[in-house]
Amino acid sequence: AGTLPIPGGELPPGHPPLEGGSPAGGLAWTAPPAWVGQPPASSMRIAQYSVPGPGGEAELVVFYFGPNQGGDPMANAQRWAGQFEQPDGRSSLDVMQVTAVEDAQLPVQIVELTGIYDGGMTMTESPPEKKPNWMLLGGIAQGPDAPWFFKFTGPEATVRAARDDFFGLMRSVHVAG
């Protein structure tokens, strides 16, 4: 029995690269050429990308929690909405848009939201810095055994400029192999 790579760790010598950072039997996708793949910042992340743009750098992070882990897709969309405040005081759940991607290779939903981003979960004791004029595009792709979550956040100008690229990435998501 061989050893499996630790999530976020280095692959064994001679191991072929994993397309899209996907574990065996998982999903694969095609990222836009300008998006820079980075080593995942935590073991919860399958893949992450830095996305340049007119408002400054944005980030796409891919999460896979496994079967019956991490909550259902709508619970994750609601959690993402909870990471945003609306300047006019409305609930982010009221302004969040959820749409299905009709021409995707797998069932895919996209969550769209703008507002003041609180930075999401943090591992430090200090509260995250609030970021006004930010945007979320969240993709939820139904994998063979569980959903995969693609969380794209950053300055609204950058995320909006990369919206078509993000939809293209989500349409490209497919079962690996």
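In the predicted model, a polar atom of the Gln-86 side chain lies 2.9 Å from the backbone oxygen of Thr-114. Gln-86 is found in the loop between strand E5 and helix H2, and its relative accessible area of 12% falls under the 20% limit, so that Gln-86 counts as buried. Beyond the neighbours within four places in sequence, the contacts of Gln-86 are with Ser-91, Ser-92 and Val-95 as well as with Leu-113, Thr-114 and Gly-115. Helix H2 spans residues 92-95 and strand E7 residues 108-117.

Strand E5, which precedes the loop of Gln-86, takes part in an aromatic pair with strand E7, since Phe-84 belongs to E5 and Tyr-117 to E7. The rings of Phe-84 and Tyr-117 are tilted, with 5.0 Å from centre to centre and 40° between the planes, and the two residues are 33 residues apart in the chain. Phe-84 is buried at a relative accessible area of 5%, and Tyr-117 likewise counts as buried, at 5% relative accessibility.

Aromatic pairs number eleven in the model. In the pair formed by Trp-29 and Phe-150, the arrangement is edge-to-face, the centres being 5.1 Å apart and the planes at 85° to each other. This pair links distant parts of the chain, as Trp-29 lies in the loop between strands E1 (27-28) and E2 (36-38), whereas Phe-150 lies in strand E9, 121 residues away. Trp-29 and Phe-150 are both buried. Ring pairs further join Trp-29 and Phe-150 with Tyr-64 and Trp-148 into a cluster.

Helix H1, formed by residues 73-81, has Asn-76, Ala-77, Trp-80 and Ala-81 as its buried residues. Viewed down the helix axis, these buried residues fall within an arc of 145°, and they therefore line one face of H1. The cover over the buried residues of H1 includes strand E5 (84-85), helix H2 and strand E7, together with strands E8 (131-142) and E9 (147-155). At the N-terminal end, H1 is capped by Asp-72, a side-chain oxygen of which lies 3.0 Å from the backbone nitrogen of Met-74.

In helix H4 (residues 163-172), the buried positions are Phe-166, Phe-167, Leu-169, Met-170 and Ser-172. Packing against these buried residues of H4 involves strands E1, E4 (58-64), E7, E8, E9 and E10 (174-175). Strands E7, E8 and E9 thus also appear in the cover of the buried residues of H1.

Two asparagine residues have a backbone conformation with positive phi. Asn-68, although not a glycine, has a phi of about 60°; Asn-68 is placed in the loop between strand E4 and helix H1, and at 79% relative accessibility it counts as exposed. For Asn-133, also not a glycine, phi is positive at about 60°. Asn-133 is located in strand E8, and with a relative accessible area of 57% it is exposed.

Taken over the whole chain, the secondary structure comprises four helices and ten strands, which follow one another from the N terminus in the order β-β-β-β-α-β-α-β-β-β-β-α-α-β. Of the 177 residues in the chain, 40% are buried. Among contacts between residues at least 6 apart in sequence, 55% join residues that are at least 24 apart. The accessible surface of the chain comes to about 9600 Å², and carbon and sulfur atoms account for 54% of this surface.

The confidence of the prediction averages a pLDDT of 85 over the chain, and 82% of the residues score at least 70. Confidence is lowest in H1, with a mean of 91, and highest in helix H3 (residues 156-161), where it reaches 98. Over residues 1-24 pLDDT stays under 50, and for this segment the model has 28 contacts beyond four places in sequence. Where pLDDT is low, predicted coordinates should not be read in detail.

Terms used: Residues are numbered from 1 along each chain as its sequence is written. This is a predicted model: local features need pLDDT of at least 70, side-chain atom pairs count only at pLDDT 80 or more; totals for chains, interfaces and linings use all residues. Side-chain values use heavy atoms; hydrogens and water are left out. Buried means under 20% relative accessible area, exposed over 50%, partly exposed in between (1.4 Å probe, protein chains only). The arc is that of the directions from the helix axis to the C-beta atoms. Contact means heavy atoms within 4.5 Å. A polar contact is a pair of N or O atoms within 3.5 Å; within protein, one must be able to donate a hydrogen and the other to accept it, and residues adjacent in sequence count only if both atoms are side-chain atoms. Rings of Phe, Tyr and Trp (its six-membered ring) pair if their centres lie within 6.5 Å; planes under 30 degrees apart count as stacked, over 60 as edge-to-face and the rest as tilted. pLDDT is the predictor's confidence in each residue, from 0 to 100. Accessible areas come from the Shrake-Rupley method with a 1.4 Å probe; for residues, only the protein chains shown count as cover.
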